[in-house]
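Dear colleague,

Here is the structure I promised to pass on to you. Please open it beside this message, since the notes below are meant to be read with the structure in view.

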Amino acid sequence: MESETEHNAPSQSTPKDGIHQTYAFTHQGLSSHILQAECLAAIQTYPKDSVHTAFLDPPYNTGLVESKVPRYTQNKDFAEKKWDNFHAEWDTIPDYYRWSAEWLDALRPRMQKRSSVWICCTHHCQGELLLALKRTGYYIITQVAWCIPNAFPHLAGTRMAHSHQTLIWARPYASHFYNYPVAKSYNDGKNLRDYWLINNDTQAGKRWKHPSKKPPALVRRALHISTPEQGHVVDFFAGSGTTGLACEQLTRDYTYPLTYTLSDQNAEYAAMAHERIKEYLG
Ligand SMILES: C[S@@+](CC[C@H](N)C(=O)[O-])C[C@H]1O[C@@H](n2cnc3c(N)ncnc32)[C@H](O)[C@@H]1O
């Protein structure tokens, strides 16, 4: 395997394909890409049967019109949606559901026969996502409770502190890939359980300013157990690029080579993902 690392300069493509910018990486002879694109445009670029795993962390739609309670509207950050700038036109539950079903449908023919998708969510959007998965013909394999020991405390003291999120694991076809020996390696030689204790990465939080960054250890584990070696991973809500970073870590630190196509509609986040991975590769 070659050992060179190349980070190509970003290239502009024709606006009509919806891809505003492309960053390319070649690492150990493997090619990966980051695009600035709306999710449906990005999905169109994936060849048929090319995706082994989709790791997806969609906007949670926390500012839903229907689920806003008076307390939220009194809170300036919620009211102005400053902290959650992922909002598109789908501020209602049916719109969010329809939009999720649309990208799941578009993704399906691009998935390999034994592929799977991971979708991060909280109670804000979990119902809509589960329904969209089922209605578009995906089968739910399991749900992982990602338990976060160092989650923020709930200072108001009116409820328990939110300390977990859900990762839905689903497949588009009749079977899926599960790397059982690798899964056991994450649990002292016994099959992995579906609650994972993984801290938020507070250091990365200071360096890469994205409000919903996931810890690389979480994404790495999900990809490691569900993607065959040399598999191709996609993430079309890439944010700060954690999924690409996790693929690079598996390739370099775990000798488990993976390639990826990441994308985000936000130019700043696509550039951040590029910088973050470039910095890791050195
Ligand atoms: C929850 S964040 C993902 C965070 C990411 N997992 C990380 O670790 O940094 C969701 C991302 O989806 C992007 N996004 C929202 N709507 C989108 C759309 N329609 N198409 C593409 N990206 C979108 C946002 O810009 C945001 O960065």
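Ile-119 has Ile-168 in β7 as its bridge partner, and this pairing belongs to a set of five bridges over which β5 and strand β7 (residues 164–171) run in the antiparallel sense. Please keep in mind, as you look at these strands, that the model is predicted.

Strand β5 also pairs with strand β4 (residues 51–56), and here the two run parallel and are joined by five bridges; Val-51, for example, stands opposite Met-111 in β5. How many of the eleven residues of strand β5 (residues 111–121) are buried? Eight of them are, so the strand is largely enclosed by the rest of the structure.

For the protein chain in general, the secondary structure comes to ten helices and ten strands, and 37% of the 282 residues are buried. Among the contacts in the chain with a separation of 6 or more, 74% are made by residues that are 24 or more positions apart.

The last item is the ligand, which has 19 residues around it, and of these Asp-57, Phe-237, Gly-239, Ser-240 and Thr-242 come nearest. When this shell is sorted by class, seven of its residues are nonpolar, seven are polar and five are charged. Both domain 1 (1–37 + 256–282) and domain 2 (47–228) contribute to the shell around the ligand, with at least three residues from each.

With best wishes

Technical notes. Residues are numbered from 1 along each chain as its sequence is written. This is a predicted model: local features need pLDDT of at least 70, side-chain atom pairs count only at pLDDT 80 or more; totals for chains, interfaces and linings use all residues. A residue is near a molecule or strand if its C-beta atom, placed from the backbone, lies within 6 Å of it. Ala, Val, Leu, Ile, Met, Phe, Trp, Tyr, Cys and Pro count as nonpolar, Asp, Glu, Lys and Arg as charged, and the others, Gly among them, as polar. Domain bounds come from an automatic or database domain assignment. Helices (H or I, at least four residues) and strands (E, at least two) are DSSP runs, numbered from the N terminus. A residue is buried if 20 or more other C-beta atoms lie within 10 Å of its own, exposed if 12 or fewer, and partly exposed in between; C-beta atoms are placed from the backbone. Two residues are in contact if their C-beta atoms, placed from the backbone, lie within 7 Å. Two strands pair if DSSP finds at least two bridges between them.
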